[in-house]
Amino acid sequence: FQGIFVLGLPYALLHSGYSGLFLIILAAALCCYTGKILIACLYEENEDGQLIKVRDTYEDIANACCKKLSPKLGGIFVNVTQVMELIMTCILYLVVSGNLLSHSFPYVPVTEKTWSVIAFVTLLPCVFIKTLKIVSKLSQLCSLVHFIIILVVMIYCLTQIHRWSWSKFRLSVEFEDFLVSVGVIIFSYTSQIFLPTLEGNMKNPGEFRCMLNWTHFFACVLKTTFALTAFLTWGEETKEVITDNLPSFLQTLVNLCLLTKALLSYPLPFFAATEIVYACISRGNHSNYRSPLLALGVRGSFLLLTLLMAMFIPHFALLMGLTGSVTGAAMTFLLPSLFHLKLKWKKLSFLEKCADITVFILGFLCSIAGIVCSIKGLLEVFG
């Protein structure tokens, strides 16, 4: 939850004012709720009223909901959506890495795209990742680097406490700026793609709901504290990525930490995307699924695809926003609430049905707003 998006939260507060603080809390509650209902769809009650796990993946849930229409239609849609979002996330990390390297070493006569290729070379060992345990260790290192970054920013902000003023907060906000803030805040919490795999790999899946509550609670506290502290320090001068506000002697250090974080973040979406493809291939031919050459081929192809897209697609950030508005909102809000209503309708209380419908409507509105803003941005860029 404490990803690179966190560094954009102070900027989100600049454009959303007091409502941004409320949004950080509301987004945590909504994403925690949709995570729980998504996992609830993996289970069904037996004759004795005990919960039995009958599904393992997001795809299984989608197939169960669409089985009357087409046995595999839901799974195909979910898999395509997941792979699209995961690949775009991987590409974003490569683009960010190239950008950070070019800013860290401005005197080196190398283009940003060349820096992206250099960053890509360090990611080549990803083709040998076979288990979630390796990914979890890399994610743990990623978290450590992230907290170093947050600590540096927070300590600097505390040294500037004499500059803090609540008068910097806006009471009224412009609608388009507010929509940008909503996107940044909501998508800093998204994790639904990974939750079925995570729950399936827990030693005690019964503790999943408790884990989700605590992680969202602490994420909310940390995000609010960080965003508030940074915004009170820089106010109207707050930049899109808060580390750009730091003095030059700290910027290089933090940029290198961010580069490390981006590279360590890459394996998780990469592993998840390749696992989805493996699962699809394995249905057709189980021997091929176990073939080391096929595994290396698929992973190598994914790696190369992310590099080529990072190198040759213009205005990638805007395209990422457009894709994220569709896939992110769908996987985080629309599908979990829709699937929960479909599979559990007869057992849900009136309030639970209202909650699911409300989440679906909010997700739909967020998606439409994000699509409109992204298309508007693309039209402005292309004249």
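**Exercise 1: aromatic pairs.** Find how many aromatic pairs this predicted model holds, then work out how the rings of Tyr156 and Trp234 are arranged.

*Solution.* Start with the total: searching the whole structure turns up 10 aromatic pairs. Now take Tyr156 and Trp234: their ring centres sit 5.8 Å apart and their planes meet at 15°. The cut-off for stacking is under 30 degrees, so this pair counts as stacked. Next, check where the partners live. Tyr156 belongs to helix α6 and Trp234 to helix α9, 78 residues apart, so the pair ties together distant parts of the chain. Finally, look at exposure: Tyr156 is buried at 19% relative accessible area, and Trp234 is buried too, at 5%.

**Exercise 2: a second stack.** Classify the pair Trp166 and Phe169, and say which aromatic cluster they belong to.

*Solution.* Geometry comes first: with centres 5.5 Å apart and planes at 20°, the rings are stacked. On exposure, Trp166 is partly exposed at 49% relative accessible area, while Phe169 is buried at 6%. As for the cluster, Trp166 and Phe169 share it with Tyr18 and Phe231.

**Exercise 3: cysteines.** Explain why Cys90 and Cys157 form no disulfide.

*Solution.* The cut-off you need is a sulfur–sulfur distance within 2.5 Å. For Cys90, the closest cysteine sulfur is in Cys126, 8.3 Å away, which is too far for a bond. For Cys157, the closest one is in Cys257 at 16 Å, again too far. The overall count is 0 disulfides. Both residues are tucked away from solvent by the numbers: Cys90 is buried at 2% relative accessible area, and Cys157 is buried at 1%.

**Exercise 4: a nonpolar patch.** Identify which residues make the nonpolar surface patch and which helix gives the most to it.

*Solution.* The members are Phe147, Trp214, Phe217, Phe218, Val221 and Leu222, and together they make a patch of about 600 Å². Helix α9, residues 208–234, gives the most, with 5 residues. Zoom in on Val221: this residue lies in helix α9 and is partly exposed, at 38% relative accessible area. For a distance check, pick Ser139 in helix α6, partly exposed at 23%. Its C-alpha is 21 Å from that of Val221, with the two positions 82 residues apart along the chain.

**Exercise 5: a loop residue.** Place Gln160 and find a polar contact of its side chain.

*Solution.* Gln160 sits in the loop between α6 (132–159) and α7 (175–186). Gln160 is buried, at 15% relative accessible area. Its side chain makes a 3.4 Å polar contact with the side chain of Thr159.

Definitions and conventions: Residues are numbered from 1 along each chain as its sequence is written. This is a predicted model: local features need pLDDT of at least 70, side-chain atom pairs count only at pLDDT 80 or more; totals for chains, interfaces and linings use all residues. Side-chain values use heavy atoms; hydrogens and water are left out. Buried means under 20% relative accessible area, exposed over 50%, partly exposed in between (1.4 Å probe, protein chains only). Patches are made of residues with over 30% relative accessible area and no salt bridge: like charges are joined within 9 Å, nonpolar side chains (Val, Leu, Ile, Met, Phe, Trp, Tyr) within 5 Å. Accessible areas come from the Shrake-Rupley method with a 1.4 Å probe; for residues, only the protein chains shown count as cover. A salt bridge is a side-chain nitrogen of Lys or Arg within 4 Å of a carboxyl oxygen of Asp or Glu. Helices (H or I, at least four residues) and strands (E, at least two) are DSSP runs, numbered from the N terminus. A polar contact is a pair of N or O atoms within 3.5 Å; within protein, one must be able to donate a hydrogen and the other to accept it, and residues adjacent in sequence count only if both atoms are side-chain atoms. Rings of Phe, Tyr and Trp (its six-membered ring) pair if their centres lie within 6.5 Å; planes under 30 degrees apart count as stacked, over 60 as edge-to-face and the rest as tilted.
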